[in-house]
Amino acid sequence: MNAFVLLLPEPDRDVADPEVTWGRVGSGGQMADRGRAPLAEAATQIRRGERVVAVVPGERVLLHHVTIPARSRAAQLQALPYALEDRLSEDLDALHIVPGPRRPDGQLLAAVAAHRDMDAWRAWLGAAGIVAERLLPDTALVPAETDRLRAYCDGQRCLLTPPDAEPVALGPELLPWWLERRQADADASVEVDVHAPRDHRPGTLADAANTTFHD
């Protein structure tokens, strides 16, 4: 079955019909079709029977790995806020917290977003008549099984997958600062694999000796 994937932008309550990128992905993972249009127009491209997945910017959704032995979703939902309380700066009542898949080491992946952001994304989808089967941060979709730090960049932002931490989303201008902090914590040079089209490579890493670029 095909999946119709919508890339939603940062939530903005002053925009009623945001411009979105959409793609139709076949059951084998190949991109069958793609385009960019206002959300209401993109909705007309959805075919009967297609699964709709809405992907949102990882800057607005934090991922955490937590230890929760409970297996039932109801028990996980009840326990997650208390397991994350010390890590979160906002009031728990203002946050949307959901459990994700369990990792091989037994820890649970949890996603945390502000209710106000979730309300904005859901309002956009509802106004366009779209029922999304999943609402996922793009940081949850990049490969994480690696022993090296990887960065996937498109010129405007990068998704980073540290081997020992949750994926994060950053603008290219913040990459040097983030890497400097990581190298200070590791007390060693951090090797980085950057995956990006040649004309979208982050200029802030152009001269970094510890960086390998992949087109």
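## A helix across three strands

Helix α3 lies across β5, β6 and β7, and its direction is at about 80 degrees to that of β7. Keep in mind from the start that this is a predicted model. The helix covers residues 115-127, right after β7 at 108-114.

What order do the strands of this open sheet follow? There are 3 of them, arranged β5-β7-β6, and the pairing is antiparallel. That leaves β5 and β6 (95-102) as the edge strands, each pairing on one side only. From one strand to the next, the twist averages 25 degrees. As background, strands of a sheet pair through backbone hydrogen bonds, either parallel or antiparallel.

## Zooming in on β6 and β7

Now for a closer look at one pair. β6 and β7 are joined in the antiparallel sense over 6 bridges. You can pick out the partners residue by residue: H96 stands opposite A113 in β7, and I97 stands opposite V112 in β7. The two strands make a hairpin with 5 residues between them, and in that hairpin G106 takes a positive phi near 95 degrees.

Helix α2 packs on this sheet too, touching β5, β6 and β7. Its direction makes about 120 degrees with that of β6.

## Q76, a residue of helix α2

Follow α2 along residues 73-84 and you'll come to Q76. Is Q76 buried or exposed? It is buried: its relative accessible area is 8%, and the cut-off for buried is under 20%.

So what does Q76 touch? Setting aside residues up to four places away in sequence, Q76 is in contact with A70, R71, P99, R102 and L108. Two of the elements already met come back here, as β6 spans 95-102 and β7 spans 108-114.

## Two nonpolar cores

The largest nonpolar core has 22 residues, and the members that touch the most others are L6, L8, L39, W121 and I130. Several elements pitch in with at least two residues each: β1 (3-7), β2 (19-25), α1 (39-43), β4 (51-56), β5 (61-66), β7 and α3. Which of them gives the most? That would be α3, with 4 residues.

L8 is a nice place to see how this core is put together. Leaving out its neighbours within four places in sequence, L8 contacts V20, L39, A54, V55, V56, P57, W121, L125 and L135. There is also a second, separate core, this one of 14 residues, with L149, W178, A196 and L205 among them.

## A five-stranded sheet

Further along the chain you'll find another open sheet, this one with 5 strands in the order β11-β10-β9-β12-β13. The pairing here is mixed. At the edges sit β11 (168-170) and β13, each pairing on one side only. The twist in this sheet averages 25 degrees from one strand to the next.

For one pair in detail, try β10 (residues 158-161) and β11, which run antiparallel and are joined by 3 bridges. Here C158 stands opposite L170 in β11.

## Out on a loop: R198

Where does R198 sit? Look in the loop between β12 (192-195) and β13 (211-214). R198 counts as exposed, because its relative accessibility is 56% and the cut-off for exposed is over 50%. Measuring from C-alpha to C-alpha, R198 and V25 are 24 Å apart in space, while 173 residues separate them in sequence.

## The chain as a whole

Time to step back. The chain has 4 helices and 13 strands. Its radius of gyration is 18 Å, close to the 17 Å that the globule rule gives for 215 residues, so the chain is as compact as a globular protein of that length. Along its principal axes, the C-alpha trace spans about 50 × 45 × 35 Å.

How much of the chain is buried? Of its 215 residues, 39% count as buried. The accessible surface comes to about 12200 Å², and carbon and sulfur atoms account for 49% of that. As for contacts between residues at least 6 apart in sequence, 50% join residues at least 24 apart.

Conventions. Residues are numbered from 1 along each chain as its sequence is written. This is a predicted model: local features need pLDDT of at least 70, side-chain atom pairs count only at pLDDT 80 or more; totals for chains, interfaces and linings use all residues. Side-chain values use heavy atoms; hydrogens and water are left out. A nonpolar core is a set of buried Ala, Val, Leu, Ile, Met, Phe, Trp, Tyr and Cys residues joined through side-chain atoms within 4.5 Å. Buried means under 20% relative accessible area, exposed over 50%, partly exposed in between (1.4 Å probe, protein chains only). Contact means heavy atoms within 4.5 Å. Two strands pair if DSSP finds at least two bridges between them. Axes are lines fitted to C-alpha atoms, for helices over the stretch in contact, and angles run from 0 to 180 degrees between N-to-C directions. The radius of gyration is taken over C-alpha atoms; the globule rule is 2.2 Å times the number of residues to the power 0.38. Accessible areas come from the Shrake-Rupley method with a 1.4 Å probe; for residues, only the protein chains shown count as cover.
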